[in-house]
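Colleague: I've got this one open in the viewer and would like a close look at a single part. Could you walk me through one spot properly, then work outwards from there?

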Amino acid sequence: MLILKMLARHGQLHGYEIANAIQQVSDEVLQVEEGSLYPALQRMLLKGWVTAEWGVTAGNRRARYYRPTAAGHKQLLAEVEQYQRVNGAIHKILRAV
Amino acid sequence: MIRMKELWRRLRYRFLGARFDHDLEEEMRLHVDLRAADGQAAGLAADAAQAAARRQFGNATQVQEKSREAWGWTRIDSWRQDVRYGLRTLAANPGFTATAVLSLALGIGANTAIFSILNAVLLRSLPVEDPQGLVQIRMGAEGDDELTNPIWEQVRDRQTAFSGALAYAPDRFDMADGGESHNATGLWVSGDFFRVLGVPAVAGRVFTREEDRRGTAPLAVISYSFWKRNFDGNAGAIGKTVRLNRHTFEVVGVTPPWFRGLDRDWGFDVAIPIACEPILHAERSSLDERAAWWLRILGRVPEGESLEQARERMRALAPEIFRATVPGIFPVDEQRNYLKNSFFLKPVATGFSEVGAQYRTALYTLMAIVGVVLLIACANIANLLLARAGARQREFSVRMAIGAGRARVIRQLMTESLLLAGFGTAAGLLLAGWGGRLLVHFLSTQRHPLDIDLSLDPRVLAFTIGAALVTAVLFGLAPALRATRVELNQVMKEHTRTPARSGRFNLGKALVAGQVALSLVLLVAAGLFLGTLRNLLAVDAGFTRHNILIIAANVEQAGIPAAKRAGAYREISDRLRALPGVASAASSVLTPISPEGWAQMVRPEGWVSKSPGEALLFLNRVSPGYFATMRTPLLLGRDFGDGDGMKARKAIIVNESAARQFFGAANPIGKTIGMDKDEYQIIGVVKDTKYNRINENGRNIGYLAAGQDAEAPPQLRFTLRADVPVETLIPAARAAIGEVNRGISLEFHNLETQVSESLLQPRAVALLSAVFGLLALLLAMVGLYGITSYTVTRRKGEVAIRMALGAPRDAVVWLMLRDVAVLLAVGVAMGLAASLAAGRLVTSLLFGVRPRDPAQLLGAAAILAVATAVAAYVPARRAARLDPMAALREE
């Protein structure tokens, strides 16, 4: 979801940029092993939520840029909604106690 | 749609895998490099920055692994690995593999063979349009199978209950123009027959309704196989002719290869319209005969209607139909009964099968027997696998120690089991095809050669694959579960000779006890069926079956006027009697142990029947010398003689049963028996003989004199008793009859063959149950041998110590056998209980033996006990021959 969100906001990013973007936006609260990003990207490619094409970075190196597809946008909306539902529920429970 | 795209991407990955891996690697390298560059920019040293970047990235190899997994072929990859590994393991143990595959092949092959026959005659739907909608119209309390043509015409012309109706009758047509018959399997069909069944013609056309009207031209539709056989599958066959019972029929069409008629036991060669019947039976056509029961009538329930609705409508039609078809020749009270009849409808989606009707119980019994054999084979393989699992324990421990999950190891073991089952099934299918044909051939008789379609259909295939999967789970899962329940450390640490986990061993014991029990059931069954066959073979039929040749001579098409038949028969008789090698000859209308019969209600002098069935007398009409030829003893009075002609008083000879029932202890000679309008005087009493079947109860039989028949029948049987092998008489007999008239149709039968073919079903059941019983016994012996050997190996050290301390050899043997004896006792007890329970189910297949006969049960138990004790004794004695010192040193 986070990856999709970042891609949706920036249009297209390569792996390193996604990792950085997530870190920055979350004020470095969400720190994961950066490597785990890549299996996730592969799965999303497979599901057809993102497409990838090779481009060149600012530093003039070959990099694979990911871009969300229509299906990816739909998936993002669905996941955000799902997340908010769960989150809302947890909120209610916490308030009730 | 999405799935398709996903699959496409996966496939691309599959074939371009290396490029994908390469891309991923490059991408990750970039990531780490950039991160390091950022670190450097933040003031770290180059190598420290690199290291930090790596740390933050995590395990690159694992990431790559996981990414690959995401593409999802890993499961198939690892499965392929399993198969490869499994094949290697199986190849490494050729002895084990061969034993397992062979026993599975036998088990699955036998199951598939029996099931394919069961399927063909009882389960498979007819390959016609909507077979579920087909119902047969039957009438009367007993649901008579065959009805009359007048009834059919009524049903056809008034039918509102069905969307289509048809009638047919199977028959045989002689394609030869005289001499020995060359029979074609024929069908009488109504005009709508093919149309209602939805059977098109592959060449030419099928009949139209108009072609089944009185006075139709002789036309024929032939079957695909007949077309291939007799016309080489040539389209020019249409318009050609076939000769049937001396008449020419024009071929108008050919049916598709999948249509074999409505009878499952044999296909058909030619079909001709019912309206052609007068052409073949000019003198005595059955078309308007209201008491000639020969047609099966079927209807198709209209789509969207229930069977019940069709039944209602037939019920409403019934009174009219019966009023229009009541047989005038019936006595008045029978006519009244006839009018009270009703129709009932029977679904016939699976067609008609005599084999199915006759062998139903036998087939299901055999199915159960081969199922049990398969179970025993499974138990054996499970035991072998258990033993092997013991030997492979270290292998499993190592694999689990380096991180294979238990599920993974179980999967590996199950793959091996499935491979075994797969090989067994493949071999079994081959065996089944061969075995099924063999069995059908075995059940074929000279009179009715069977031609059952045993081709594989989805149901048989599903059955076989299901059986394979079930067996794989049965024999594979338990050992796999047991084998992987290891405490790693213990096994790794020690050199474990005695795993001391009694649990697994108990499973093995339970398996062997189960095997013993199941084998006992099969042995008991084999004993019962063999006893049945022995009793049937020993039955005194009342006549000799050896050296008797029966010649069925049909003069119907020979152009002999009815008045001259008797003379022709007499001439044939004289010529046959004069043949060298013929000891005696006689003639009769019927011969014993055939499906035909003739019975009538009689009025014996001074006797009143208590129930209608009691007054029934089975009949035959015989020439003088018939009893002498058949060696049926004459007990009282005299045989027919030349004096018993048309002018003499009508005479009858009865059998003992009839004499006893009608006249008790009184002398029956000279008493009279009334039948129809005539009174017959009893001139003799003969010994009881079997009429239709060897296993029938005593029947009342009467014999009339051939010379007192008002009109000689169109067919007569000549019975010759020979001094030479009966088959050698055939050419001379054929020539002799040919001299009288070349046009007479002939069939030759050996009475011994006829009798033994009537016992085919008990013979087949006895033979197969004996074979499978022996197989089961063998498997149980192997099982016991295996488990005793295993015990001996496991307890070698203990035995050595005992022997070193002075235990005598006998004591050692007994020590080893004690466990086995317990197993055997438990198995036999369970087996006896199961046999008692199962015995009730097969009572209808038994003759002269009781399923609960203690001698039978104990006999089978004794055979089993001795055989298995021997199997266990061999390895136990090996224990006693042990050299204690060598064994202890090894320890």
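**A close look at B:Arg621 and its surroundings**

Modeller: Sure. Keep in mind that this is a predicted model. Let's start at B:Arg621, which sits in strand 16 (residues 616-622) of chain B. Is B:Arg621 buried or exposed? It counts as buried, because its relative accessibility is 10% and the cut-off for buried is under 20%. As for a partner, a polar atom of the B:Arg621 side chain lies 2.8 Å from the backbone oxygen of B:Ala705. B:Ala705 also turns up in the contact list of B:Arg621, together with B:Leu704, B:Ala706, B:Gln708 and B:Asp709. The list further includes B:Ser587, B:Ser588, B:Val589 and B:Trp598, with residues up to four places away in sequence left out of the count.

B:Ser588 is worth following up, since the contact with B:Arg621 shows up from its side too. This serine is found in strand 13 (residues 582-588) of chain B. B:Ser588 is buried because its relative accessible area is 0%. Its side chain reaches the backbone oxygen of B:Leu590 at 2.8 Å. So both side chains we've looked at have a backbone oxygen at 2.8 Å: that of B:Ala705 for B:Arg621, and that of B:Leu590 for B:Ser588. Leaving aside neighbours within four places in sequence, B:Ser588 is in contact with B:Asn620, B:Arg621 and B:Val622, and also with B:Tyr626, B:Leu716, B:Arg717 and B:Thr719.Move along the chain from strand 13 and you come to B:Ile593, in the loop between strand 13 and strand 14 (599-601) of chain B. Its phi is near 55 degrees, a positive value in a residue other than glycine. Most residues other than glycine have a negative phi, and most peptide bonds are trans. B:Ile593 counts as buried because its relative accessibility is 3%. A second residue of this kind is B:Arg631, with phi near 60 degrees, again positive in a residue other than glycine. B:Arg631 lies in the loop between helix 19 (626-630) and strand 17 (634-637) of chain B. Unlike the buried B:Ile593, B:Arg631 counts as exposed, because its relative accessibility is 52% and the cut-off for exposed is over 50%.

Elsewhere in chain B, have a look at helix 21 (residues 730-740). Its buried residues are B:Ile730, B:Ala733, B:Ala736, B:Ile737, B:Gly738 and B:Val740. An α-helix has 3.6 residues a turn, so residues three or four places apart point the same way. The buried residues of helix 21 pack against strand 12 (548-554), helix 18 (562-578) and strand 23 (745-750) of chain B.

Two asparagines are good for getting your bearings. B:Asn535 lies in helix 17 (residues 502-538) of chain B. Not counting residues up to four places away in sequence, B:Asn535 touches B:Phe847, B:Gly848 and B:Val849. Measure C-alpha to C-alpha and you'll get 23 Å between B:Asn535 and B:Ala357, which are 178 residues apart in sequence. The other asparagine, B:Asn234, is in the loop between helix 8 (224-231) and strand 7 (241-244) of chain B. B:Asn234 is partly exposed because its relative accessible area is 46%. A polar atom of its side chain lies 2.9 Å from the backbone nitrogen of B:Gly236. The C-alpha atoms of B:Asn234 and B:Arg660 are separated by 64 Å, with their positions 426 residues apart along the chain.

Last, the other chain. Chain A comes to 4 helices and 3 strands, running α-β-α-α-β-β-α from the N terminus on. Its C-alpha trace spans about 55 × 30 × 20 Å along the principal axes, and 40% of its 97 residues count as buried. Chain A exposes about 5,900 Å², with carbon and sulfur atoms supplying 57% of that. If you care about electrostatics, the mean positions of its 12 positive and 8 negative charges are 8 Å apart.

Where the chains meet, 24 residues of chain B are in contact with 27 residues of chain A. About 2,300 Å² is buried between them, and carbon and sulfur atoms give 54% of this area. B:Glu27, B:Leu30 and B:His31 supply 25% of what chain B buries against chain A, more than any other three residues.

Notes: Residues numbered from 1 in each chain as written. Chains lettered and ligands numbered in written order. Predicted model: local features only at pLDDT ≥ 70, side-chain atom pairs only at ≥ 80, totals over all residues. Heavy atoms only, no water. Helix = DSSP H or I, 4+ residues; strand = E, 2+ residues; numbered from the N terminus. Buried < 20%, exposed > 50% of the residue type's maximum accessible area, 1.4 Å probe, protein only. Polar contact = N/O pair within 3.5 Å; in protein donor to acceptor, adjacent residues only side chain to side chain. Contact = heavy atoms within 4.5 Å. Areas by Shrake-Rupley, 256 points an atom, 1.4 Å probe, with all protein chains shown as cover. Lys, Arg positive; Asp, Glu negative; His and termini not counted. Charge placed at Lys NZ, Arg CZ, Asp CG, Glu CD. Buried area = accessible area lost by both parts, 1.4 Å probe.
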